[in-house]
Amino acid sequence: MAHAEWYGHTGGPGRSGQAADGGRQDKRGRRGRGKRAGTRGAGTRGAGTRGAGTRGEKRREKHLRRGLRREVPSTVGLLADAHDFAAMRRYRTFVFDDHAVYLRHVDTLLKELASQGVPATVALFDPDEYAEYCEDTGLDPDSVAGRGHYTARIPASGAAVAYTGQSVDVLVPQLISTAVRKATWEYATTLLADLGDCADCGEDIAGAAFDRASHMLERLLEAAGPGTHHLVCSVPVGTEQLLAVVHAEHPAGERQPVRIGSSEAAEFVSVLAVGIALESAGGVVLRTTVPGDDDRVHGWRLARSSLVPLTAGEVFNAYCTDAETGEPLAPESGVDYRAGFAVSLDDLGDTGRHH
């Protein structure tokens, strides 16, 4: 019987039973087959249920992975200009041969990431820094993995901007501007760090200059009043011209704090502090926009660690002259060129001035 049952499970006892003892065994075989067939049917239904459950689990896992993917940001390295693009073409694994086509594909990739809900950052890809990075880390520069490793680290130390739907034509100047700002800030902080302490009073020259520059920016914005403010600080250092820009919003009404980006403010203050510490002949221009009024433009020159107001004529000349060529520029319509207003720093004394 055990042997017959074993064959029954394999689907062959009917013929074996009939050959052994005729009808009785055949009936038992048929009855057995009926029961066992039912068992197989139940087994089949069970397998079908398990299959549906497996498919459901797979769909759920896929859904969970998609949800997690939307929480993992992507960094896209961008070759901003034709020169950098040409430098990457020496690598066999870099598949593009036309910069315009490459930019179009980057634009499409960013749109696809956005459609999937994936947050993306666009980073400026520098081929020279990439080659140095691969040499330092032992990565193969002619590999997708090498480019991926380098791109992932750019936002921590290089120029990068968040993708918010802007086109590549907008992203490229944003990246270049960010890179210039970052280089300026690094250069300014390096200059300040090298100044050391004052030989006369022992005070930290950089720290004192930075504090004074911070107060200057704060009081400029307070005195400017409500509106949208755009400030530019220019400081010559040797053959270099350090330039910093900051935007601020001063809401109308009493006790409304000025809104200003912390990174822009730090860059602006650093450049102004260099001018103070080195007693350089720098300058500051402030443009204020208030709805319904002409824009107001004021200006100051940096002298002996203080901001000296320019006259309206000096502001006009400074604002309407090409900084590179010295050629006059046409004045803008809807702009009122005014003298700089007084910026009181009396309570700070000579803080920031050293010899």
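Q: How many cavities of 30 Å³ or more does a search of the whole structure find?
A: Just to flag it, we're looking at a predicted model. The search of the whole structure turns up one cavity of 30 Å³ or more. The space inside the largest cavity comes to about 30 Å³.

Q: Which residues line the largest cavity, and what classes do they fall into?
A: Here the walls are R181, T184, W185, L243, A244, V245, E267 and V271. Sorted by class, that lining holds five nonpolar residues, one polar and two charged.

Q: Which elements each supply at least two residues of that lining?
A: Look at α7 (168–193), β5 (240–250) and α9 (262–278).

Q: How do I read the way α7 and α9 pack?
A: Here's the general idea: a pair of packed helices is described by the angle between their axes and the distance between those axes. In this model, the axes of α7 and α9 cross at roughly 40° and come within 9 Å. The two helices are therefore oblique to each other, and α7 passes α9 in a left-handed crossing. On the α7 side, the contact is made by R181, T184, W185, A188, T189, L191 and L192. On the α9 side, the residues are S263, E264, A266, E267, S270, V271, A273, V274 and A277. By class, this contact has nine nonpolar, four polar and three charged residues.

Q: What about α5 and α6: at what angle do they pack, and how far apart are their axes?
A: Use the angle and the distance again. Helix α5 (residues 127–137) packs against α6 at an angle of about 110°, and the axes are 10 Å apart. Angles of 65 to 115 degrees count as roughly perpendicular, so α5 and α6 are roughly perpendicular to each other. From α5, the contact takes in E129, Y130 and Y133; from α6, it takes in G146, R147, H149, Y150 and R153. The classes here are three nonpolar, two polar and three charged.

Q: Let's move on to pockets. How much space lies in the second largest pocket, and which residues are closest to its centre?
A: About 500 Å³ of space lies in the second largest pocket. It has 19 lining residues, and the closest to the centre are V76, G77, F94, Y102 and R147. You've met R147 already, in the contact of α5 with α6.

Q: Which element gives the most to the lining of that pocket?
A: That's α4, with five residues. β1 (74–78), α4 (99–115) and α6 (144–157) each supply at least two. Split by class, the lining of the second largest pocket has 12 nonpolar residues, six polar and one charged.

Notes:
Residues numbered from 1 in each chain as written. Predicted model: local features only at pLDDT ≥ 70, side-chain atom pairs only at ≥ 80, totals over all residues. Heavy atoms only, no water. 1 Å grid on protein atoms, 1.4 Å probe; cavity = no way out; pocket = protein on both sides within 12 Å on 5 of 7 lines; lining within 4 Å. Points joined across faces, edges and corners; volume = space filled by probe spheres on them. Helix = DSSP H or I, 4+ residues; strand = E, 2+ residues; numbered from the N terminus. Nonpolar A, V, L, I, M, F, W, Y, C, P; charged D, E, K, R; others polar. Axes fitted to C-alpha atoms, helices over the stretch in contact; angles between N-to-C directions. Parallel < 35°, antiparallel > 145°, perpendicular 65-115°, else oblique. Contact = heavy atoms within 4.5 Å. Left-handed = near helix turned anticlockwise from the far one by under 90°.
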